[in-house]
Amino acid sequence: MKPDRCSLCNGKLHEGKTEFVARVGNRVVVIKDVPAFICEECGESYFTPEISKKIDKIMREFHEGKLLMRPIAAGEIELEI
Ligand SMILES: [Zn+2]
């Protein structure tokens, strides 16, 4: 099963790799090199069910505190309007 068109803007998708970023409380997990179909127009990424399952598994392990991660620097700022 392979997505064909972006469901947001109907743009073309191409195969590539992306980063999956999720935030849980004060912690952020970044999964690198995730194979995805990426929209050429808006950059939205789509995962196959198989990849989604792998991401779910990683997120479960993250919640259970079982995940071994390399630390990276992260910063946070509020948008002033
Ligand atoms: Zn799009």
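Asn-10 is exposed, since only 10 other C-beta atoms lie within 10 Å and a residue with 12 or fewer such neighbours counts as exposed. In this predicted model, Asn-10 belongs to the segment that comes before strand E1 (13-24). Its backbone also deserves attention, for the phi of Asn-10 is near 65°, a positive value in a residue other than glycine. Most residues other than glycine have a negative phi.

**Backbone angles**

Asp-33 can be read alongside Asn-10. Asp-33 is found in strand E2 (residues 27-39), and its phi, near 55°, is again positive in a residue other than glycine. With 9 C-beta neighbours inside 10 Å, Asp-33 counts as exposed. Two glycines have positive phi values as well: Gly-25 takes one near 60° in the hairpin of E1 and E2, where two residues lie between the strands, and Gly-65 takes one of about 70° just after H1. The table sets these four residues side by side.

| Residue | Phi | Place |
|---|---|---|
| Asn-10 | near 65° | segment before strand E1 (13-24) |
| Gly-25 | near 60° | hairpin of E1 and E2 |
| Asp-33 | near 55° | strand E2 (residues 27-39) |
| Gly-65 | about 70° | just after H1 |

**Overall form**

The secondary structure of the protein comes to one helix and three strands, and along the sequence these elements follow the pattern β-β-β-α. The radius of gyration is 15 Å, well over the 12 Å that the globule rule gives for 81 residues, so the protein is more spread out than a compact globule. The C-alpha trace spans about 40 × 35 × 15 Å along its principal axes. Of the 81 residues, 6% count as buried. Among the contacts with a separation of 6 or more, 50% are accounted for by residues 24 or more positions apart.

**The sheet and the helix**

The three strands form an open sheet in the order E1-E2-E3, with antiparallel pairing. Its edge strands are E1 and strand E3 (45-46), each of which pairs on one side only. In general, strands of a sheet pair through backbone hydrogen bonds, either parallel or antiparallel. Between E1 and E2 the antiparallel pairing extends over 11 bridges; among the residues that face each other across this pair, His-14 stands opposite Ile-38 in E2, while Glu-15 stands opposite Phe-37 in E2. None of the 12 residues of E1 is buried, so this strand lies largely in the open.

Helix H1 (residues 49-63) has 15 residues, which at 1.5 Å a residue should span 21 Å, and its end C-alpha atoms are 21 Å apart, in agreement with that expectation. H1 lies across E1 and E2 and runs at about 180° to E2.

**After the helix**

Glu-78 is found in the segment after H1, and with 5 C-beta neighbours inside 10 Å it counts as exposed. From C-alpha to C-alpha, Glu-78 and Phe-20 are 22 Å apart in space, while in sequence they are 58 residues apart.

Key
Residues are numbered from 1 along each chain as its sequence is written. This is a predicted model: local features need pLDDT of at least 70, side-chain atom pairs count only at pLDDT 80 or more; totals for chains, interfaces and linings use all residues. Helices (H or I, at least four residues) and strands (E, at least two) are DSSP runs, numbered from the N terminus. A residue is buried if 20 or more other C-beta atoms lie within 10 Å of its own, exposed if 12 or fewer, and partly exposed in between; C-beta atoms are placed from the backbone. The expected span of a helix is 1.5 Å times one less than its number of residues. Two strands pair if DSSP finds at least two bridges between them. Two residues are in contact if their C-beta atoms, placed from the backbone, lie within 7 Å. Axes are lines fitted to C-alpha atoms, for helices over the stretch in contact, and angles run from 0 to 180 degrees between N-to-C directions. The radius of gyration is taken over C-alpha atoms; the globule rule is 2.2 Å times the number of residues to the power 0.38.
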